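Here are a few notes to read alongside the model. I have kept them to numbered points, so please dip in wherever you like.

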Amino acid sequence: MKQIKLNARAKINITLDVLRKREDGYHDLSMIMQTINLCDNITINTTEDGNIKMTSNYSWLPCDERNLVYKAAALMKETYNIKEGLLIHLVKNIPVAAGMAGGSSDCAATLVGIRNLLKIKADDNELMKLGKTLGADVPYCILRGTALAEGIGEKLTVLPPFPNTIVLVAKPPINVSTATVFGSFDLKNVNKHPDNNKMTELIKNKDLEGICENMCNVLESVTIKNYPIIAELKSSMLYEGAIGSLMSGSGPTVFGFYKSYEKALKALKNIRAKYHIKEIYITTVFNTSK
C-alpha cells in the first residue's frame with residue numbers, strides 16, 4: 001500500500017470583476033486570486049480492490065460521486081487506466097460554501113496527489129486541462145500563488161508573489177449560493193470596477209497599503225445587499241486595525257490584512273465575541289516557489 005498526504009489550500013480574491021454575461025449563461029470574469037495557508041488535509045492510499053472509497057471528518061459531507069474529490073479520483077482512474085483502488089480521507093478545515101474554493105482545492109490536490117503517488121507522467125498543465133472539466137477554479141488551485149484569472153476563471157496568468165502579510169478570515173454563519181449571486185448580478189448596479197493592471201503593478205512593487213486601497217469585488221453589490229453582516233465584518237476588521245478588508249468570491253467570507261499577528265489575534269477575539277462566529281482563522285499568504 002502506498003500513501004501520500006497533501007494540503008489543499010484556500011484562496012481569496014484580491015479583485016473580482018464581472019465583464020459580461022456569456023451566451024452559455026456563465027459570466028466573463030477578470031480577477032486576481034491569492035492562495036492562503038488555510039488548508040484542508042487529504043490522505044490518499046492505494047488499495048488492492050480497484051475501487052474508490054472516500055471518507056471525511058464531516059459526517060454530513062457526501063463522499064460519493066457528488067464530491068469533487070471522488071470525481072477527481074474517478075477521472076484519474078479513467079484517464080490513466082489506473083488499476084489500483086484508492087482510499088481517500090478528507091479533513092475539512094476551510095469553510096464550506098464560503099467563496100474560498102475549498103472544494104476546488106480539494107479536487108486539485110486529489111489530481112496532483114494521485115499523479116505523484118502513482119508516478120503518472122502528466123505535468124501540471126495536463127492536470128489543469130483535466131481539472132477544468134470538473135470546475136472553473138480547479139486549474140488555479142493546481143497553479144496556486146498569485147494569478148490573474150480570466151474567462152470563467154480558467155485562463156490564468158502568473159503574477160509576481162504577493163507581499164507577506166497576516167490574514168484574518170471570517171465566515172459568518174450563513175450560506176451564499178454562487179449561482180444565486182450571479183443570477184442577481186446587474187452590471188448597471190456597479191459603481192466601481194477593479195483596475196487589475198494597476199493592482200498587478202502594486203503587487204509587483206510589494207505595496208501592501210496600495211493593494212489594500214485598490215482591492216475591489218463587484219459581487220459585493222449583490223451579496224452585501226442581501227447579507228449586511230458582510231459589510232459589518234469589513235468595518236469591524238478595519239476598526240480592529242486591518243490595512244484593508246474585502247469579501248472573497250461570491251461570499252460570505254470576509255478577510256482582512258494585518259501587519260502583526262498580535263493585532264490579528266485581538267481582532268479575532270473581538271469579532272468572534274461580537275458576531276458569534278465560529279469559523280474565524282488567522283493565517284498567512286502562500287506563494288509558490290515557481
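1. Phe162, Phe255 and Phe257 form a cluster, joined through ring pairs. Please keep in mind that this is a predicted model. The structure has three aromatic pairs. In one of them, the ring centres of Phe162 and Phe257 lie 5.5 Å apart with planes at 45°, so this pair is tilted. That pair brings together distant parts of the chain, 95 residues apart: Phe162 sits in the loop between strand E6 (155-158) and strand E7 (166-171), while Phe257 belongs to strand E10 (residues 254-258).

2. The rings of Phe255 and Phe257 also pair, with centres 5.2 Å apart and planes at 50°, so they too count as tilted. Are the members of this cluster buried or exposed? Phe162 and Phe257 are both buried. For Phe257 the relative accessibility is 0%, and Phe255 is likewise buried, with a relative accessible area of 0%.

3. Asn13 is worth a look next, as Phe255 is one of its contacts. Asn13 lies in strand E1 (residues 3-21). Why does Asn13 count as buried? Its relative accessible area is 0%, and the cut-off for buried is under 20%. Beyond its neighbours within four places in sequence, Asn13 touches Met31, Ile32 and Met33, as well as Gly99, and also Leu246, Met247, Ser248 and Gly249, in addition to Phe255.

4. The side chain of Asn13 has polar partners as well. One polar contact, at 2.5 Å, joins it to the side chain of Lys11. The Asn13 side chain also reaches the backbone nitrogen of Gly249, at 2.9 Å.

5. Now to the pockets. The largest has a volume of about 1,100 Å³. Its lining is made up of 40 residues, of which Ala101, Ser104, Asp137, Thr178 and Ser250 are the closest to the centre. Two or more lining residues come from each of E1, strand E2 (27-47), helix H2 (102-118) and helix H5 (178-184). By class, the lining holds 21 nonpolar, 14 polar and five charged residues.

6. The second largest pocket has a volume of about 230 Å³. Of its 16 lining residues, Asn7, Val112, Cys141, Ile142 and Arg144 are the closest to the centre. The elements giving two or more residues to this lining are E1, H2 and helix H4 (138-143). Which element gives the largest share? That is H2, with five residues. The lining divides into eight nonpolar, three polar and five charged residues.

Definitions and conventions
Residues are numbered from 1 along each chain as its sequence is written. This is a predicted model: local features need pLDDT of at least 70, side-chain atom pairs count only at pLDDT 80 or more; totals for chains, interfaces and linings use all residues. Side-chain values use heavy atoms; hydrogens and water are left out. Helices (H or I, at least four residues) and strands (E, at least two) are DSSP runs, numbered from the N terminus. Buried means under 20% relative accessible area, exposed over 50%, partly exposed in between (1.4 Å probe, protein chains only). A polar contact is a pair of N or O atoms within 3.5 Å; within protein, one must be able to donate a hydrogen and the other to accept it, and residues adjacent in sequence count only if both atoms are side-chain atoms. Contact means heavy atoms within 4.5 Å. On a 1 Å grid over the protein atoms alone, a cavity is a set of points where a 1.4 Å probe fits but cannot get out, and a pocket is an open set with protein on both sides within 12 Å along at least five of seven lines; lining residues have an atom within 4 Å of a point. Grid points are joined across faces, edges and corners, and a volume is the space filled by probe spheres set on the points. Ala, Val, Leu, Ile, Met, Phe, Trp, Tyr, Cys and Pro count as nonpolar, Asp, Glu, Lys and Arg as charged, and the others, Gly among them, as polar. Rings of Phe, Tyr and Trp (its six-membered ring) pair if their centres lie within 6.5 Å; planes under 30 degrees apart count as stacked, over 60 as edge-to-face and the rest as tilted.
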